[in-house]
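Hi,

Here is the structure I said I would pass on. Have a look at it first, and my notes on what turned up follow underneath.

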Amino acid sequence: MPKNSKVTQREQSNEHVTESVADLLAHEEPLDYKNSSLNVGGAAGKKVPQIEVPENDGRPAWNSKLQYILAQVGFSVGLGNVWRFPYLCQKNGGGAYLVPYFILLLIIGIPLFFLELAVGQKIRRGSIGVWNYVCPRLGGIGMSSLMVCGFVGLYYNVIIGWSIFYFFQSFQYPLPWSDCPIRKNGTLAIVEPECDKSSATTYFWYRQTLNTTSTIAESGGLNVKMTLSLLVAWIIVCLAVIKGIASSGKVMYFSSLFPYVVLFCFLVRGLMLKGSVDGIAHMFTPKLEKMLEPQVWREAATQVFFALGLGFGGVIAFSSYNKIDNNCHFDAVLVSFINFFTSVLATLVVFAVLGFKANIMNEKCVVENAEKILGYLNSNVLSHDLIPPHVNFSHLTTSDYAEMYGVIKTVKEDGFAQLGLEPCVLEDELNKSVQGTGLAFIAFTEAMTHFPASPFWSVMFFFMLINLGLGSMIGTMTGITTPVLDTYKVQKELFTVCCCIVAFFCGLLFVQRSGNYFVTMFDDYSAGLPLTVVVILENLSVAWIYGTKRFMQDLEDMLGFRPCIIYFYLWKYVSPICLIVLISATVIEMAISPPGYNAWVEELAQERFQSYPPWALAMCFALIVVAMLPLPVVFIARHFNLMSDGSNKLSVSYRKTMMKDISNLEEQDEARFILGAKPGEAPTAPARRAYLTPGGNKPTDPNSLSPNSCYGTSYQNAAISPTTPSTPDTPVTPESDS
């Protein structure tokens, strides 16, 4: 047996053998069994059969590469691409915002996305199994990401429920939010005051859809319409994920591609609308001075972070169903750029439509104020001499009104404020920042009421939102179900149905009349900081504990080529530093910003910022603590050997599938595999190729997966002797890359 064999080294030392057969064989290179010779008794100088973990280990697999790519695209491309990215562009300098976003996508987004794809594909487990495998003491990473997935899934599906409600309401002409309702008071018919003070679309959203209360403390009871919509949403999600990737993969063919069809249709239609070019020009006019503001870079980093779905566990879960030699580097780059171009496409669509809406609202403003001026002229409040001779009130243009407004403001400087005239500047309409639900359910719906065949476009728009949300929800649910099913032997269908039922009843919190305030709370506090902490620990555990060089070697063995050396420095230094800065900025932002929410005040018919009451504030911080609690708990418990590292379950799973595969091979040729009863008679694991450091002069230890590393201690000799008790974890020593 070669001297550099792991088994030989164990025999020569006094260390207890702690690696399972699966771990010895999990990193071997493919072998052509027909051409391999046998080593009976381990005689020196003879070839030793190489055994690899069978790729077909009973784990479900994607039917095709396209199905997998669509699943990753469907998970990463979500509602945020449509209603968050355009808002950030508008707020942070228009086209100038694309520069920091693209830079951070290259140095943070793609490397970390590649990292998650690689560990999921290599270890073939969900988030809990992956981080137990990399380092048991940081196994809480997977549990924290599962907790965050649970919190996000609860409120995210409520948004899908809102979209479902609007989808069915769109099958009417005229659209139910196109006009304010009329209230009859005896013989008089008056416009609903709350609607008259705001707008028809705003009134429909806050009063007829949500029927919202004025404070978060006032529950108001369940909203029956929203409760039924939420039930439908959970039924759809349950049917999509009940069979795992066998069902969700097929759903992705439609849910991932249909939004692009709708976006391109909206773009073509939007470009044909009056004023669309004004909106797009406003969007892409760069305000370069904005690039110097730290806040712009912080928001760009946050958007990159959430746009790719990092830390949720869905990326790892999807990649765990891949073949071991799949080119996950290509997948990471492809999905990241598809996500970026989707955001740009959605931004074009949004600003084309909002440019049309701004022109409509500006013309309406001109007409209303021109009527005021005519009234002042007829009552001799204003002199006719103030009106330029070429102005025609029957065909008043925005430029004519601007000229007339300027003259009146100059002459009537002292009493101008009492006239109540508005400037009606198109730029002011375009500068109105709208994001989130306000963009989708108020601004965009109002614009569509002015479209020809508005019900058709409304149906298409909300059906697109449903599909965007469904793709993200499938990834979120997979991030919950996959690690649990990998860790515990439970029936997949039963567990999925139970998860959906529990989630529906927990989601009733969000469909009471004050439920939209809780959606805002969960969106602000349950994911942001915990996910950032999860991702930086993922980065550090791979780059600094497992070792960047060792990880690069694994990638070379898995992919068949060595990834670009730039990833070494990005994983080792750049990404951790950027994430630490992002965490610090997030904590500072939370500390200086008063925690609160925008409440709809019925009497004023507008939103007002309100601070959270003490119990709600405690709930906000409880969300953060609960999401991150598994991190210290698991670390402490495993450091003091208070809980198992979960390795036995994983090792036994590998052992069973490996032994089954070996048994099948023995039926064909009994002399193919000879497994000794003693560790010294086990097939020899060949020495690993040395991987040069960036400098090219210091190869790594060929036996880097030693039982003393954080990686090796997880998997003990359950495959050799299932009855052998597990040994305690040995101290974790970070690898030196110097």
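**What I found**

Of the contacts in the protein chain that join residues at least 6 apart in sequence, 80% are between residues at least 24 apart. Bear in mind as you read that this is a predicted model.

Some overall numbers to start. The protein chain has 29 helices and four strands. It runs to 738 residues, and 55% of them count as buried. Its accessible surface comes to about 31300 Å², with 63% of that belonging to carbon and sulfur atoms.

**The strands**

The four strands can be taken as two hairpins. In one of them, strand 1 (residues 182–185) pairs with strand 2 (residues 188–191) in the antiparallel sense, over four bridges. If you want a place to start looking, Ile182 stands opposite Val191 of strand 2. Two residues sit between these strands, and Gly186 in the turn has a positive phi of about 70°.

The other hairpin is made by strand 3 (residues 596–601) and strand 4 (residues 606–611), which run antiparallel and are joined by six bridges. Here Trp600 has Glu607 in strand 4 as its bridge partner. Four residues lie between strand 3 and strand 4, and the turn residue with a positive phi is Ala605, at about 55°.

**Two helices to look at**

Helix 10 (residues 200–209) is mostly covered, with nine of its 10 residues buried. Aromatic side chains are well represented in that buried set, which includes Tyr203, Phe204, Trp205 and Tyr206. Arg207 is also among the buried residues of helix 10, as are Thr201, Thr202 and Thr209. Just after the helix, Asn211 takes a positive phi of about 45°.

Helix 26 (residues 566–592) has 27 residues and reaches 37 Å from its first C-alpha to its last, close to the 39 Å expected at 1.5 Å a residue. It does have a kink, though: about 35° at Val574, shortly before the proline Pro576. Pro576 is itself buried, and so is its neighbour Ser575. Other buried residues of helix 26 include Tyr567, Phe568, Trp571, Lys572, Leu579 and Ile583. As for what covers them, the list includes helix 6 (98–123), helix 15 (294–307), helix 17 (328–378) and helix 25 (528–559).

**The annotated site**

Which residues does the UniProt annotation "binding site" cover? According to that record, an unreviewed entry, they are Gly74, Val77, Asn81, Asn339, Leu468 and Ser472. They span 399 residues in sequence, but no two of their C-alpha atoms are more than 12.7 Å apart, so they gather at one spot.

Asn339 is a good way into this site. It lies in helix 17 and, at 1% relative accessibility, counts as buried, because the cut-off is under 20%. Leaving aside its neighbours within four places in sequence, Asn339 is in contact with Ser76, Val77, Asn81, Tyr101, Ala307 and Leu308. Two of those contacts, Val77 and Asn81, carry the UniProt annotation too.

Ser76 is worth clicking on next. This residue lies in helix 3 (residues 65–76) and counts as buried, at 4% relative accessibility. Not counting residues up to four places away in sequence, Ser76 touches Asn81, Ala307, Leu308, Val335 and Asn339. Ala307 and Leu308 are thus contacts of Ser76 and of Asn339.

**Two other buried positions**

Is Asn157 buried or exposed? This residue, which lies in helix 8 (residues 140–169), is buried, with a relative accessible area of 0%. Apart from residues up to four places away in sequence, Asn157 touches Leu230, Ala233, Trp234, Val237 and Met473.

Finally, there is Leu273, in the loop between helix 13 (258–271) and helix 14 (276–284). Although it sits in a loop, Leu273 counts as buried, at 8% relative accessibility. Its contacts, once neighbours within four places in sequence are set aside, are Phe356 and Phe451. The C-alpha atoms of Leu273 and Gly355 are separated by 8.8 Å, while the two residues are 82 apart along the chain.

Tell me what you make of it when you have had a look.

Cheers

How values were computed. Residues numbered from 1 in each chain as written. Heavy atoms only, no water. Pairing = 2+ DSSP bridges. Buried < 20%, exposed > 50% of the residue type's maximum accessible area, 1.4 Å probe, protein only. Contact = heavy atoms within 4.5 Å. Areas by Shrake-Rupley, 256 points an atom, 1.4 Å probe, with all protein chains shown as cover. Expected span 1.5 Å × (residues − 1). Bend = angle between axes of the 7 residues up to and from the residue. UniProt positions renumbered as here; feature names shortened; annotations may be inferred.
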